[in-house]
Amino acid sequence: MIAANGFAQGVIDVHSHIITPEFVSALETEGRVMDEGFPLPKYNVENHLRWMDEAGVETSVLTLAAPQPSSAEMVRKTNEAAARIKKEHPGRFLFCAALPLPDVSKAIEEVKYALDVLKADGIKLATNVNGQYLGAPELDTLFSVLNERKAVVILHPHRPEPVNKQVMQQTPLAMQEYLSETTRAVSNMISRNVLARYNNIKVIVPHCGAYLPLAIPRMKSLTPVMQANKMVGEIDYDANLRALYYDLAGAHSPEVIRMLLTITTPDHLFYGSDYPYVAPQVLTQSLARMKDYLSKEPDLAPFKEMILWKNAKWLLEQMAVRTDRRKAISSHRHSKHDCPHC
């Protein structure tokens, strides 16, 4: 059932990917199809909708898969393709736009185009692009713009830079390193108070929070030592953690959710599938299992609807309201400018 505002009353999947033929073709031309260590899965909208209907997912949020395109033009084309899918299937798809990093000025241009023209529902950021990690000082200008826009940001791990090829061959990135990579990027942002300083941004961390439930207590315990050695400054952990939300794509379980609840609150958890990287039948079974334990576990049952759709609906509606407000302000400014009496 779709509400009047276009958001779902059923399950909302905040972690799914768009993989266009143009994107794959560009990677093939550059010899980069295997950059992440495994082939890209096939994707088309019809199959995605078929799985959503089968599993009971009302709305999916699309983001660009890894690896990062080399050209700003390909980033733009993918964002426009996602916008078309959203328009052609109202209520079924939303999307977070990719950015052509590491070029910060072009990334800021794409933020404005994606949010204002394409009506993106948020922004997708890679953990790193060519070794430029989230939390790097040169990205502060971009985060300032995202903060002004009160943007929802979805993170996704990409191949670490540099990478040990021998380890990557023996232990493919998706098995472990993606969790390290996500933890690395988020920890890097926290250590510079990025999320505390730009506190209008809401950041969705993928894959059950990666290793953050283990990393955060360690960071806190070692902060005084690092400060005494003038290696880090003051870190506002509470403010940084308030900005973080978590999808449950991957190896979710009651135990994983309880671990996450040591660093966050139930209103910061979302369902995520990682479609099309996992076989549809496996995703369907996984979602059914989640619904089952969220119904049966006494300490988690009160949060079932929150995790499956209410939390995501609330967060994405905030972004939609802010976008509509910007549109109204922009229209008002144009009308004033066009008025011969003003």
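What covers the buried residues of α3? Let's look at that helix, then at a histidine and a nonpolar core.

This is a predicted model, in which local features need pLDDT of at least 70 and side-chain atom pairs count only at pLDDT 80 or more, while totals for chains, interfaces and linings use all residues. Residues are numbered from 1 along each chain as its sequence is written, and side-chain values use heavy atoms, with hydrogens and water left out.

**View 1. Helix α3 and its cover.** The cover of the buried residues of α3 includes β1 (11–18), α1 (21–30), α2 (45–55), β2 (57–64), β3 (93–97) and α4 (104–116). Helices (H or I, at least four residues) and strands (E, at least two) are DSSP runs, numbered from the N terminus. Beneath this cover lie M74, V75, T78, N79, A81, A82, A83 and I85, the buried residues of α3 (buried means under 20% relative accessible area, with a 1.4 Å probe and protein chains only).

**View 2. H268 in its loop.** Find H268 between α11 (254–260) and β10 (269–270). H268 counts as buried because its relative accessibility is 9%. Its side chain reaches the backbone oxygen of L244 at 2.7 Å. Leaving out residues up to four places away in sequence, H268 touches R242, L244, Y245, Y246 and N311 (contact means heavy atoms within 4.5 Å).

**View 3. L125 in the largest nonpolar core.** Among the 103 residues of this core, L125 and L142 touch the most other members. Helix α13 (residues 304–338) gives the core its largest share, 7 residues. Such a core is a set of buried Ala, Val, Leu, Ile, Met, Phe, Trp, Tyr and Cys residues joined through side-chain atoms within 4.5 Å. Beyond four places in sequence, the contacts of L125 include L99, L134, L142, F143 and I154.

Key: Buried < 20%, exposed > 50% of the residue type's maximum accessible area, 1.4 Å probe, protein only. Polar contact = N/O pair within 3.5 Å; in protein donor to acceptor, adjacent residues only side chain to side chain.
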